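Good morning, everyone, and thank you for making the time. I would like to walk through one structure with you, starting from a single residue and working outwards, so please keep the picture in view while I talk.

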Amino acid sequence: MQKFDEMYAQLPADGAAQLQQHLRQAQTPGVRDHYRTYADWLARQPQEIMRSRREEAEMIFRKVGITFAVYGDKDEDGDGTERLIPFDLIPRIIPAAEWRRMEKGLVQRVTALNRFIHDVYHDQEIVKAGLVPLEQVTGNAQFRPEMVGVDVPNAIYSHIAGIDIVRAPNAQGEGEYYVLEDNLRVPSGVSYMLEDRKMMMRLFPDLFSAYQVAPVMHYPDLLLETLRASAPSTTDDPTVVVLTPGMYNSAYFEHAFLAQQMGVELVEGQDLFVRDGFVYMRTTRGPRRVDVIYRRVDDDFLDPLAFRPQSTLGCAGLLGAYRAGNVTLCNAIGTGVADDKSIYPYVPGMIEFYLGEKPILSNVPTYLCRKPEDLKYVLANLKDLVVKEVHGAGGYGMLVGPAATQAEIEQFRQALQARPDGYIAQPTLSLSSCPTFVEQGIAPRHIDLRPFVLSGKEVQMVPGGLTRVALKEGSLVVNSSQGGGTKDTWILEI
């Protein structure tokens, strides 16, 4: 299988081992042009200094409370665990031209996805055209009949999207970007992108004078601008809040961080109530009307009168106020119909159908196991494929065939035969690698990228995203819940 490394045009022969000795030759043709200055700097850094910088970063992250919870994990006392997401000191560097193309592709893709969501809750033209089967829409667990015919401001459903991008060698051995997954409901991770940049500027300020790195710290300003632009037309000065499930949620740090950075209130469901079709929050000065809710709560828990009656995380009557157009939810209820993995293969067709354009960013080839011919192929080639649950997330419910045991493969075979419509399969891509500072020194590790796309009056994003890295040697699973870490992502301005 061909490999593509972000720093090296060709990995050293012992690429799986430490790269430290090769970095001493940073000015050789083996280092890509946009990494030359960095590789030369890195070659001069003693490993003891790098280790001390990593320890400093860990201490600061722990002090600030930049953690995430791992559901189901217990420590030695039987209590729930919170972890630091490991932070890697070696950045991922992307040239300006590559980013410009990726950005255009992301704008195109998210625009088409928003058109699709509006369509499936209104005229379903794409279904009538025979491009997406009706059962793939109405039979989707994330399809919300309550949203049929509901008009939302600017016809935007996914105001905040996290699109997972991977890079893998094409037939010519060149690194090509692919969209691996669309996260349109409540995508997380942007706080780590911002904190990683802050940490790199603190630890290595000299590097930011050697490189012209595009800024990302204005993301909260763009987010607030996007949220305010989505407000009902009945208000000129909208009140925005962030709705969190509470401090025990795995992403609570991010909820609190974004509310603080935007200068808006962080609320829980019990802080809100509905009166006369409008949403209010309780304050020490009395009720205050809420116009926009950036919700980090799943659909099922938003309104006990409409969805799960036992939910204490939402606000009774919220759906009614939303349907009446008196409050905006970002992202919209029912957005998940478009980020189901069984809908993913249809996105290139959506782009052509709604925009009349060819997709700029390619999908990973995907087999829909609900199709008999695809299922037959997948069952015959499980050892070579990645199989995913259509509703799976966080690296769970997934089989990586080449890394799986025979028992795991047989277990998935039985699951596929029992419920083929619950799975998709894809070729095992050789994800690009990037030099990473691990316990043994510097070694290549596989990475992906999650840019965050904001859709308000226009579609915009900060240049960059969250680069996630699989810290286990050979692993292709970058999720933090599976032991992955993060890197700062540098988009060069020239």
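Let me begin with leucine 223, which, once residues up to four places away in sequence are set aside, touches Ile160, Leu258, Met262, Tyr294 and Leu454. Please keep in mind throughout that this is a predicted model. Leucine 223 lies in helix 9, which covers residues 219-229, and with a relative accessibility of 0% leucine 223 counts as buried, because buried means under 20%. One of its contacts deserves a second look: leucine 223 and isoleucine 160 are 63 residues apart in sequence, and yet from C-alpha to C-alpha they are 8.2 Å apart in space.

Helix 9 also holds threonine 226, and here we can ask: is threonine 226 buried or exposed? Its relative accessible area is 2%, so threonine 226 is buried. Leaving out residues up to four places away in sequence, threonine 226 touches His159, Leu454, Ser455, Gly456 and Gln460.

Let me now step back to the whole chain, which has 14 helices and 24 strands. For 494 residues, a compact globule would have a radius of gyration near 23 Å, and the chain has 23 Å, so the two agree. Along the principal axes, the C-alpha atoms fill a box of roughly 70 × 60 × 50 Å. Of the 494 residues in the chain, 56% are buried, and if we take the contacts with a separation of 6 or more, residues 24 or more positions apart account for 69% of them.

That brings me to the interior. In soluble globular proteins, nonpolar side chains tend to be buried together. In this model the largest nonpolar core has 70 residues, and the members that touch the most others are Phe116, Ile163, Ile165, Leu272, Ile293, Tyr322 and Met350. Several elements each supply at least two residues of this core, among them helix 4 (96-120), strand 4 (160-169), strand 5 (175-183) and helix 12 (347-355). Which helix gives the most to this core? Helix 4 does, with nine residues. There is also a second, separate core of 61 residues, which includes Tyr35, Leu203, Val264 and Ile442.

Helix 12 is a good place to see how a helix turns one face inwards. Its buried residues include Val347, Met350, Ile351 and Tyr354, and they cover an arc of only 100° around the axis, which puts them on the same side of helix 12. The general background is that an α-helix has 3.6 residues a turn, so residues three or four places apart point the same way. The buried residues of helix 12 are covered by elements that include helix 4, helix 5 and strand 5. Just after helix 12, glycine 356 takes a positive phi of about 65°.

Next, please look at a small sheet, in which three strands form an open arrangement in the order 8-9-10 with antiparallel pairing. Strand 8 (272-275) and strand 10 (288-290) stand at the edges with a single partner strand each, so one side of each is left without a neighbour in the sheet. Ignoring direction, neighbouring strands of this sheet are turned by 45° against each other on average. Strand 9 and strand 10 are joined by three bridges, and valine 279 stands opposite valine 290 in strand 10. Leucine 272, apart from its neighbours within four places in sequence, is in contact with residues including Leu243, Val279, Val290, Ile293 and Cys315.

I will finish with some backbone details. Most residues other than glycine have a negative phi, and most peptide bonds are trans. Glutamine 124, in the loop between helix 4 and helix 5, has a positive phi near 55°, and aspartate 276, in the loop between strand 8 and strand 9, also has a positive phi near 55°. As for their surroundings, glutamine 124 counts as buried because its relative accessibility is 19% and the limit is under 20%, whereas aspartate 276 is exposed, with a relative accessible area of 71%. Where, finally, is there a cis peptide bond? The bond from cysteine 330 to asparagine 331 is cis, with omega near 0°, and asparagine 331 lies in the loop between strand 12 (328-330) and helix 12.

Methods. Residues are numbered from 1 along each chain as its sequence is written. This is a predicted model: local features need pLDDT of at least 70, side-chain atom pairs count only at pLDDT 80 or more; totals for chains, interfaces and linings use all residues. Side-chain values use heavy atoms; hydrogens and water are left out. A nonpolar core is a set of buried Ala, Val, Leu, Ile, Met, Phe, Trp, Tyr and Cys residues joined through side-chain atoms within 4.5 Å. Buried means under 20% relative accessible area, exposed over 50%, partly exposed in between (1.4 Å probe, protein chains only). Helices (H or I, at least four residues) and strands (E, at least two) are DSSP runs, numbered from the N terminus. Contact means heavy atoms within 4.5 Å. The arc is that of the directions from the helix axis to the C-beta atoms. Two strands pair if DSSP finds at least two bridges between them. Axes are lines fitted to C-alpha atoms, for helices over the stretch in contact, and angles run from 0 to 180 degrees between N-to-C directions. The radius of gyration is taken over C-alpha atoms; the globule rule is 2.2 Å times the number of residues to the power 0.38.
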